[in-house]
Amino acid sequence: MSETHDKRLRHPIGVVVRRTGLSQAALRAWERRYEAVVPDRSEGGHRLYSDEDVQRLMLLRRLVEGGRNISQVANLPLGELRELLRSDLGASPDADPEEQGATGDDPGSEGDPEEILKRALIATRHMDGERLNRILIRSAVVLRPGTLVTGVLVPLLARIGELWEKGRLGVAQEHLASGVIRRFLEWLIEAGEVGSGAPVMLTCTPQGQRHEFGALIAGAVAAERGWKVVNLGPDLPAEEIAAAAGDLDARAVVVSAIFGGADGVLADELTRLRALLPPEIRLLAGGPAVDRVADELAGDGIELPGDVSGLPEA
């Protein structure tokens, strides 16, 4: 970047997120991958942004909402960004829709989750993984993290599963979409703001459970709130999870169980995991399969936040 930053005013990342409307994941990804802004650091290692940084990020968000690729505009001078946005806003009705962000991979200026979901499903049906990825990345820009998870990711996964069960999506379509969504969730986790003293959370699925999207979604929610998230993957015995929690000095373990396996086996596995973990390590469990055995787990010291909307408070 060629412009000199105004050093007089500094803002923490929470203020920048509120002012720009960007998610922390998108903001950190733009910094790391494209150096859209280069914030200073406080003595404690936290990011601090200038007024000019905030202005740049607001302009960049509006340009990306309008269909621009962040990699093409991230390093433009502030004046050029303003001029480009004026040009985009003044585009004629018969201008190239790709330049106005009217294509099927743009979430729209209002960031409507239902519209994003529709376009994501269209990309899935057409087996257009690149387009699906663009839709998800842009949704991380225009939506708040909670809305992204509950309004787009959870219903998208549910809808893909329903269409596959009804034979309206093929195995190849389902696998392609699953791969894109998994990489996107891993990106959200990786982009989390992790301080030097951040508490460690492990995410995984217990033995017999091979579908890890619930664990990845929980990890993305936790990373947005400052946890250092370590995803162990699917189908792990209680002994392995407990050993990893000890080795990594974890403060919490989150397990997800969606379907498959016998309910009694799942309840026994979760109860055994709770017994193996030290009492100071929290154990949270969620997913449809966990809901079915909730009564058996009551009083065992296992926290049951319910669906993903209850996870942030937990």
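1. A salt bridge here is a side-chain nitrogen of Lys or Arg within 4 Å of a carboxyl oxygen of Asp or Glu. With that in hand, E162 and R159 make a good starting example: their side chains meet in a salt bridge, at 3.3 Å from N to O. The two residues sit 3 apart in helix α8, which means about one helical turn separates them. Both count as partly exposed, E162 at 37% relative accessibility and R159 at 24%. Please keep in mind as you read on that this is a predicted model.

2. How many salt bridges does the structure hold? There are 9. Another of them joins D235 to R210, with the closest N and O atoms 3.1 Å apart. D235 belongs to strand β5 and R210 to the loop between β4 and α10, so this pair ties together parts that are 25 residues apart in sequence. D235 is partly exposed, with a relative accessible area of 27%, whereas R210 counts as exposed at 57%.

3. Have a look at R272 and E239 too, a salt bridge whose closest N and O atoms are 2.1 Å apart. R272 is in helix α12 (residues 263-276) and E239 is in helix α11 (residues 238-247), so the pair links parts that are 33 residues apart in sequence. Salt bridges with shared partners bring E239, E269 and R272 into one network. R272 is partly exposed, with a relative accessible area of 32%, and E239 is also partly exposed, at 41% relative accessibility.

4. Now for a charged residue without such a partner. E224, found in helix α10, is buried yet has no salt bridge. Which side chain of opposite charge is nearest to E224? That is R28, 4.4 Å away; the cut-off for a salt bridge is 4 Å, so the pair is not counted as one. Setting aside neighbours within four places in sequence, E224 is in contact with Q24, A25, R28 and P145.

5. Three of those contacts lead us to helix α2, where Q24, A25 and R28 are among the buried residues. Helix α2 is mostly covered, with 8 of its 11 residues buried. The others on the buried list are A26, L27, A29, W30 and E31. Just after α2, E35 takes a positive phi of about 50°, a spot you may like to inspect in the viewer.

6. Helix α7 covers residues 129-142. Its 14 residues reach 20 Å from the first C-alpha to the last, close to the 20 Å expected at 1.5 Å a residue. Is α7 mostly enclosed or open, and why? It is largely enclosed by the rest of the structure, because 10 of its 14 residues are buried. The buried set is G129, R131, L132, I135, L136, R138, S139, A140, V141 and V142, so named with buried meaning under 20% relative accessible area. These residues pack against α2 (24-34), α3 (51-65), α6 (113-125), α8 (145-165) and α9 (171-190). Helix α2 from the previous point is thus one of the packing partners of α7.

7. Next, strand β4 (residues 200-206), where 7 of 7 residues are buried. V200, L202, C204 and P206 point one way from the strand, M201, T203 and T205 point the other way, and all are buried. Strand β4 runs parallel to β5 (residues 228-236), joined by 6 bridges, and C204 stands opposite G233 in β5. Between these two strands the chain passes through helix α10 (residues 213-224), making a right-handed β-α-β crossover. Strand β4 also runs parallel to β6 (residues 252-256), here with 4 bridges. In that pairing T203 stands opposite V254.

8. Finally, there is an open sheet of 3 strands in the order β1-β3-β2, with antiparallel pairing. Strands β1 (11-12) and β2 (40-41) stand at the edges with a single partner strand each, so one side of each is left without a neighbour in the sheet. Strand β2 pairs with β3 (residues 47-49) over 2 bridges, in the antiparallel sense. Which residue in β3 is the bridge partner of R41? The partner is R47.

Definitions and conventions:
Residues are numbered from 1 along each chain as its sequence is written. This is a predicted model: local features need pLDDT of at least 70, side-chain atom pairs count only at pLDDT 80 or more; totals for chains, interfaces and linings use all residues. Side-chain values use heavy atoms; hydrogens and water are left out. The expected span of a helix is 1.5 Å times one less than its number of residues. Buried means under 20% relative accessible area, exposed over 50%, partly exposed in between (1.4 Å probe, protein chains only). Contact means heavy atoms within 4.5 Å. Two strands pair if DSSP finds at least two bridges between them. A crossover is right-handed if, with the strands pointing away from the viewer, the path from the first strand over the helix to the second runs clockwise. Lys and Arg count as positive and Asp and Glu as negative; His and the chain ends are not counted.
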